[in-house]
There are 2 protein chains.
Amino acid sequence: MKKISQTEENYLKAIFSVSESKGKAASTNEISKEIQISAASVTDMFKRLSEKGLIDYKKHKGVKLTEKGNQHATKLVRKHRLWEVFLVEKLNFDWGEVHDIAEELEHINSDELINRLDKYLDYPKFDPHGDPIPDADGIFEIRSQILLSELDLEKTGIVVGVQEHAPAFLEYLDRMKLGLGSSITILEKFDFDQSLRVKIEKKELTLTAKVAQNLFIQTKEK
Amino acid sequence: MKKISQTEENYLKAIFSVSESKGKAASTNEISKEIQISAASVTDMFKRLSEKGLIDYKKHKGVKLTEKGNQHATKLVRKHRLWEVFLVEKLNFDWGEVHDIAEELEHINSDELINRLDKYLDYPKFDPHGDPIPDADGIFEIRSQILLSELDLEKTGIVVGVQEHAPAFLEYLDRMKLGLGSSITILEKFDFDQSLRVKIEKKELTLTAKVAQNLFIQTKEK
DNA sequence: ATTAATTTTTAGGTTAGTCTAAAAATAAAA
DNA sequence: TTTTATTTTTAGACTAACCTAAAAATTAAT
Ligand SMILES: [Mn+2]
Ligand SMILES: [Mn+2]
Ligand SMILES: [Mn+2]
Ligand SMILES: [Mn+2]
């Protein structure tokens with residue numbers, strides 16, 4: 001039961017995120033890109049995490065989280081997202097400012113702390129970016145959602161999340177008065193550049209393909 | 001303007017605490033004892049901190065914080081104590097449980113975060129143990145206080161702080177219904193073991209010298 | 001003023017986590 | 001099915017933080 005270092009935790013999260021909750025293996029290069037560290041160093045760390053029983057690693061085959069590794073990664077995601085809720089709901093941070101701070105806060109090591117925080121925030125199910133928050137047992141809802149770019153002409157949907165978390169993107173959405181809960185109707189689709197003419201609440205505006213590919217939408221017919 | 005690591009921060013705090021705010025130099029051995037690290041390692045770190053302009057170090061002469069080092073240490077104390085207030089006031093932790101968690105939280109690196117937290121907590125002046133909290137400019141009140149062991153016979157004082165922060169001591173105080181704000185009157189002093197017979201609110205009880213030497217008291221005549 | 005005790009520094013070593021360059025394995029193309 | 005390109009691993013090095021044991025400096029006692 002060795003301690004898991006902050007560095008190791010960041011790798012676990014990267015592996016979790018690259019292999020999307022579970023299932024497919026994460027490759028050396030994918031992790032290298034995700035956390036901006038050389039592939040050689042990633043191989044090194046794979047060996048160490050494997051040694052600790054947090055991942056299954058076979059040379060040239062990529063890695064998968066073990067049950068233990070998955071549990072730890074899930075707890076990190078829980079902590080990250082709960083802290084984001086705290087920062088936005090209680091300290092009035094903007095949703096674009098919280099990620100980097102949560103990236104540090106997620107490593108604070110206290111179950112008591114995180115469970116009390118959860119209670120204090122009234123057990124939120126989603127973070128400020130619409131991402132689901134695992135509960136104390138690691139269970140979280142997977143919401144049925146599609147990308148705005150996949151929404152059919154003349155249909156209406158509600159924004160429930162963002163794929164891209166970059167501050168620049170989130171600030172752009174703020175300026176467009178687009179946020180979680182916004183209602184969007186597709187008025188027209190332009191094939192030559194995949195841009196969209198949409199109606200948001202009362203206003204009409206044009207969204208680029210890039211924007212449409214980074215907004216998660218929920219439609220009425222679940 | 002190099003980054004200051006978590007480890008370096010812990011040394012800065014230790015130096016700050018050993019040299020009591022400012023003034024006298026902190027010796028290698030004192031720091032070694034304070035943070036439970038070998039004297040050889042402490043010497044190593046003194047060189048590095050000195051290199052970074054955070055302390056003045058001359059061989060065999062101990063160290064003193066520079067202005068820059070003092071500012072950084074003061075900010076750490078501010079963060080530590082504000083987080084402690086948060087944990088007790090908002091998350092309902094007991095005052096004996098918060099120190100270790102704050103020991104981690106104090107290293108989160110965001111001025112925006114700490115200043116918003118300060119506001120959220122309504123700019124508290126003292127932490128749950130009665131220790132003063134530096135403001136955003138590093139200024140903090142030094143309260144006039146004495147130890148309970150120094151209080152004269154038949155005098156009355158109010159508990160305003162604790163010297164010892166160990167959970168066992170704080171739990172003992174809880175069990176004795178003693179906390180910040182408690183009023184204590186000295187009824188009798190026993191010379192042979194320095195124990196005291198005191199009155200707290202309505203009840204009479206005996207306190208050992210050890211307890212009396214770890215409670216800070218404020219008397220009416222400031 | 002010597003000697004003895006204590007404190008501090010140096011020397012040499014270890015581990016975690018990183019890097020670059022080169023070698024080996026795998027996957028893609030011809 | 002060879003050849004070529006890409007991915008992954010290995011080899012060798014570095015830095016931050018630690019350690020123990022030994023040397024040097026300071027302080028305290030005789
Ligand atoms: Mn992180
Ligand atoms: Mn988020
Ligand atoms: Mn600390
Ligand atoms: Mn405190």
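**Note on a lysine, a manganese site and a DNA strand**

1. Leaving aside neighbours within four places in sequence, A:Lys13 is in contact with A:Leu76, A:His80, A:Glu103 and A:Glu106, where contact means that heavy atoms lie within 4.5 Å. The residue belongs to helix H1 (residues 6-18) of chain A, helices being DSSP runs of H or I with at least four residues, numbered from the N terminus. A:Lys13 is buried, with a relative accessible area of 15%; buried means under 20%, exposed over 50%, and partly exposed in between, using a 1.4 Å probe and protein chains only.

2. Before going further, please keep in mind that this is a predicted model, in which local features need pLDDT of at least 70 and side-chain atom pairs count only at pLDDT 80 or more, while totals for chains, interfaces and linings use all residues. Residues are numbered from 1 along each chain as its sequence is written, chains are lettered from A and ligands numbered from 1 in the order in which they are written, and side-chain values use heavy atoms, with hydrogens and water left out.

3. The manganese ion (ligand 3) has as its protein donors B:Asn10 (OD1), B:Glu103 (O), B:Glu103 (OE), B:Glu106 (OE) and B:His107 (NE2), at 2.1 to 2.7 Å. Donors are N, O and S atoms within 2.8 Å of the metal (3.2 Å for Na, K and Ca), and since water is not among the atoms, sites may look incomplete. Along the sequence, the donor residues follow the spacing N-x92-E-x2-E-H. Distant parts of the chain are linked here, for B:Asn10 in helix H1 (residues 6-18) of chain B and B:Glu103 in helix H5 (residues 98-105) of chain B are 93 residues apart. B:Asn10 is partly exposed at 29% relative accessible area, and B:Glu103 is also partly exposed, at 24%.

4. DNA strand C is surrounded by 22 residues, of which the closest are A:Ser5, A:Arg48, B:Lys47, B:Tyr57 and B:Lys59; a residue is near the strand if one of its heavy atoms lies within 4 Å of it. Of the atoms of DNA strand C that come within 4 Å of the protein, 76% belong to sugar and phosphate. The largest share of the surface near the strand, five residues, comes from H3(A).

5. Phosphate oxygens of DNA strand C lie 2.7 Å from a polar side-chain atom of B:Lys47 and 2.4 Å from a side-chain N or O atom of B:Lys59. For B:His60, a backbone N or O atom lies 2.9 Å from a phosphate oxygen of the strand.

Definitions and conventions. Helix = DSSP H or I, 4+ residues; strand = E, 2+ residues; numbered from the N terminus. Polar contact = N/O pair within 3.5 Å; in protein donor to acceptor, adjacent residues only side chain to side chain.
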